[in-house]
Every structure is written in structure tokens, then in C-alpha cells.
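Please read the points below with the model open beside you, and look up each residue as it comes up. The terms are explained where they are needed.

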Amino acid sequence: MSTTNNNIPPLKFRPILKSVIWGGEKIAPFKGIETDQTQIGESWEISGVKGNESIVANGPDAGLTLTQMIEKYGADLVGQRNLDVYGTTFPLLIKIIDAASDLSLQVHPDDHLAKERHDSLGKTEMWYIIDTEPGAKIGAGLAQKITPEEYEAKVNDNTLMDVVAVHDSHPGDVFFLPAGRIHSIGAGNMLVEVQETSDITYRIYDFGRVDAKTGQPRQLHTEEAKDAIDYKVYPDYVGHAKPVSEGIEELVRCSHFDVYRIEVDGEKKVYPNLKSFSAFTCIEGSMTVTDDRGNTIDLHAGESFLLPAMATEATFKGKGVLIDAYNWGF
């Protein structure tokens, strides 16, 4: 338990809704909010990305940005190791994504390349599929080995999708996407995305779409992506959940984040990693959450909250499913 006098409650944030060319109309009803915004493809649930920083929606610090919260509370909020490694940058970005049409085929640079080119973190990410429409697909990885020169040729003759590994997607599926892995979210997928705090994307194929404002094809980043792509072929691109304890499964463990799926049916106590915050997204049901200091929030499907690193325990009461992500400054 923290030795300070701080008492940071579980924190909710105002969602940052993004309208995009491929976005759908599912996010607002899923989250239970009303908006005139259309084609919402992304809800940035918890974000420290500059220019898109989450704003606290509850408690005595309502109105502060996530960065201001880290400046105010430091290790009590994010954990000492995260503070040492990332400073006031929150290390993860949590999103809910709704794809009404196919996203572009893209790839992200790793930490080294992103630092060198953009003075940014790289972008390793994972997807947990919440819901799908019939025939929904996920593109992840290469189905056959190609060289950088063959990649460039396939971009130029519009055959790059021929070598992408395409998977049927279903609710509960997990896809881990380390930086360098070619990927695309197909139409009909709604999912939770956990990623490093980075907005660096190299678009390499866009299905011939044009920008509605300019009437021109959207920019491709063919040359930038050439050095970022992992050209290896792997035997399996679909994740496999690992049971941890009753109702808790580990979905992904990597050097950037750990992600778990938690089922609540009645009452469940969770003992978070004391070296890190925990970022929870409720994908089903509703419940109350009470921390070890007696702070309580209500939570329903489509909502996310941040449990500060100073919390030693959280009690969930109700019925539902959560995705839990943390980073303890690996």
C-alpha cells in the first residue's frame, strides 16, 4: 500500500470519439452514449497521446488530463518503474474499434525505428474481438515469405493482399501484433485494442479508396514501411488464452504490456500488480468496483477505467467481462 496520503479513486475518462472513413455506428450504443457524430471507428478510452489526452470524468480531479494526473500523483498513479521509464507519458493507449468496412493494410515501426524517425515510441498492439458480423476477417502476418523488393513490387501492382495471412474472426479471438507485423481489421469486427502510446502508422494498401475531401487516393507509406516490416512467416497468428485462476485468463504477455480477460459473476476480488496501474475495459454486463480505500464506481459495457498503482485490491460485484491491461515498465 502507498505510504503517501493520496487517495486516487478508480478513474473514468471522457471518451475521445474518432470519425473515420471506415467507421460504423456501433460504438455509441455499445457505450450507452448519445451523439450526433457518425462513422465512429474508434473510441480512445484511455490515452496519453499528445493532442489526444484523456480527461478525467469523475472524482475530485475531474477535468484534469491524464498527463496532469501523472504530474500530480506520479508513482501512486502509474507505478515507480513506469514513471522512471516513461516520465509523464502514459505508456498504453486503450481503444474500442468498430470497422464497418476494411481498414487499410498497415504496419508500425518498433521502438528503435520510431525513436529514430519520429522521436516516438513504436507501436506493438493486440486485439480482443468483442463482436463480429458473419464473414468477418482479420489480416495478420504474412502467408508466404517475400523480400523487401517483392513487397514493393506487390504494392505497385496491387497484389500485396495475396500474401497476407487472412483469418476468420470470432468473439473472443485474440491477435497479437508486434511492431513490424502487417495487419488489417476487416469489415464487421468490433474489438478492444491495447497498444503502446504511439500514433505512428505506415499505410501500405488501401483497397483503392479515395479521400472524401480531396477526391484523391489516401497516402501510402510504401518506402517508410519497407524497413519496418517483419518479412518472416510464423506458424500461428491467432492468440491462445492461458488460464490463470478461476475466471481469469492471460491473453498476451510481452515486453510492452500484459493483458487479461476477467469474468465476474457475483463478487470477484482482483489483486493488481503493485508496480503498475491497471486499465480495465468492460465489454459485457455491469458491475460496481470498490478499491481498498472504499472508493466505488459503477461500470457497464463500453466503459473503461484506470485503477491507480497505489490500489492493492479491487472488488467487482455484478456480472460481466473485463479486459485488463497493465505495464510495469518492463
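1. Leaving aside its neighbours within four places in sequence, threonine 124 is in contact with ten residues that can be listed in order: Phe176, Leu177, Pro178, Ala179, Val194, Gln195, Glu196, Cys254, His256 and Phe257, where contact means heavy atoms within 4.5 Å. Threonine 124 sits in the loop between α5 (111–118) and β7 (125–132); helices (H or I, at least four residues) and strands (E, at least two) are DSSP runs numbered from the N terminus. Threonine 124 is buried, with a relative accessible area of 5%, and here buried means under 20%, exposed over 50% and partly exposed in between (1.4 Å probe, protein chains only). A polar atom of its side chain lies 3.0 Å from the backbone nitrogen of alanine 179.

2. Please keep in mind that this is a predicted model, in which local features need pLDDT of at least 70 and side-chain atom pairs count only at pLDDT 80 or more, while totals for chains, interfaces and linings use all residues. Residues are numbered from 1 along each chain as its sequence is written, and side-chain values use heavy atoms, with hydrogens and water left out.

3. Valine 194, one of the contacts of threonine 124, also belongs to the largest nonpolar core, where Leu77, Phe90, Met126, Val194, Val259 and Leu306 touch the most other members out of 40 residues. A nonpolar core is a set of buried Ala, Val, Leu, Ile, Met, Phe, Trp, Tyr and Cys residues joined through side-chain atoms within 4.5 Å. Helix α2 (residues 66–73) gives the most to this core, with 4 residues. A second, separate core has 33 residues, among them Ala99, Ile129, Val155 and Ala165.

4. Which side chains make polar contacts with the side chain of arginine 261? The side chain of tyrosine 128 does so at 2.9 Å, and that of glutamate 263 at 2.8 Å. A polar contact is a pair of N or O atoms within 3.5 Å; within protein, one must be able to donate a hydrogen and the other to accept it, and residues adjacent in sequence count only if both atoms are side-chain atoms. Arginine 261 lies in strand β16 (residues 258–270) and is buried, with a relative accessible area of 17%.

5. Aspartate 119 has a positive phi of about 50 degrees although it is not a glycine, and asparagine 158 has a positive phi of about 60 degrees, again without being a glycine. These values deserve a second look because most residues other than glycine have a negative phi. Aspartate 119 is found in the loop between α5 and β7 and is exposed, with a relative accessible area of 58%. Asparagine 158 is in the loop between α6 (148–156) and β9 (164–168), and is exposed at 52%.

6. Aspartate 119 returns in the second largest pocket, where Lys50, Thr89, Asp119, Ser120 and Thr197 are the closest to the centre among 14 lining residues. A pocket is found on a 1 Å grid over the protein atoms alone, as an open set of points where a 1.4 Å probe fits, with protein on both sides within 12 Å along at least five of seven lines; lining residues have an atom within 4 Å of a point. The lining of this second largest pocket divides into 3 nonpolar, 7 polar and 4 charged residues, with Ala, Val, Leu, Ile, Met, Phe, Trp, Tyr, Cys and Pro counted as nonpolar, Asp, Glu, Lys and Arg as charged, and the others, Gly among them, as polar.
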